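Open your viewer, load the model and keep the selection tool handy. We'll hop from stop to stop, and at each one you'll get something to select.

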Amino acid sequence: MKKIILTLVFVMAYAISLSLALECLLNLLATALAISLDGSAVTKQYPRFIPFCLIVGIIALAVIIVTFILNLKVSKKFAFTKRLWVSEIIIAFVISIPMIKPWHMLFEFLQRTF
């Protein structure tokens, strides 16, 4: 039972941090494309958005790394199999794709507010 709960916790941690990292990457890519089309008007309109996305994206990647290290430690204690590891990664990736939309909505709200 503990193995299932721990697996679900790790899957959700991976999915949340991966979706946040992907959202930051997509926003930075969209900003770079907008800069290439419109010049620097985008950076003048939202001057704090690029550093914010960079910082949040780096933090999300750090969370993924810390989660992976914790998962390694727990996997030794509870004897996680290779099949469980692969299923964790696949499920986390599949869950993270629809979770990008709530992050996008939050980023749009922050962009309009600040």
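Here is a tour of the helices, the residues beside them and a pair of cysteines.

**Stop 1: colour by confidence.** What you have on screen is a predicted model, so start with pLDDT. The mean for the protein chain is 93, and 100% of its residues reach 70 or more. Which element has the lowest mean pLDDT, and which the highest? Select residues 41–45 for the lowest: that's helix α2, with a mean of 83. Now pick residues 49–78, helix α3, where the mean is 96, the highest among the elements of the chain.

**Stop 2: helix α1.** Select residues 2–38, the 37 residues of helix α1. Try the distance tool on the C-alpha atoms at the two ends: they are 53 Å apart. At 1.5 Å a residue, the helix should span 54 Å, so the two values agree. While you look along it, remember that an α-helix has 3.6 residues a turn, so residues three or four places apart point the same way.

Now step just past the end of α1, to Gly-39. Phi there is positive, near 85 degrees.

**Stop 3: α1 with α4.** Keep α1 on screen and add residues 82–96, helix α4. How far apart are the axes of these two helices? They are 8 Å apart, and the helices pack at an angle of about 45 degrees. Oblique is therefore the word for how α1 and α4 lie to each other. Their crossing is right-handed.

**Stop 4: α1 with α5.** Swap α4 for residues 100–113, which form helix α5. The axes of α1 and α5 come within 9 Å, crossing at roughly 55 degrees. That angle makes α1 oblique to α5. Here, too, the crossing is right-handed.

**Stop 5: a loop residue.** Go to the loop between α3 and α4 and click on Ala-79. Its phi is near 55 degrees, which is a positive value in a residue other than glycine.

**Stop 6: the cysteines.** Finish by showing the sulfur atoms of Cys-24 and Cys-53. How many disulfides does a search of the whole structure find? Zero. For Cys-24, the nearest cysteine sulfur is that of Cys-53, 4.9 Å away. A disulfide needs the two sulfurs within 2.5 Å, so this pair doesn't count as one. Turn on the surface as well: are these two cysteines buried or exposed? Cys-24 counts as buried because its relative accessibility is 1%. Cys-53 is buried as well, with a relative accessible area of 1%.

Methods: Residues numbered from 1 in each chain as written. Predicted model: local features only at pLDDT ≥ 70, side-chain atom pairs only at ≥ 80, totals over all residues. Heavy atoms only, no water. Buried < 20%, exposed > 50% of the residue type's maximum accessible area, 1.4 Å probe, protein only. pLDDT = per-residue confidence, 0-100. Helix = DSSP H or I, 4+ residues; strand = E, 2+ residues; numbered from the N terminus. Expected span 1.5 Å × (residues − 1). Axes fitted to C-alpha atoms, helices over the stretch in contact; angles between N-to-C directions. Parallel < 35°, antiparallel > 145°, perpendicular 65-115°, else oblique. Left-handed = near helix turned anticlockwise from the far one by under 90°.
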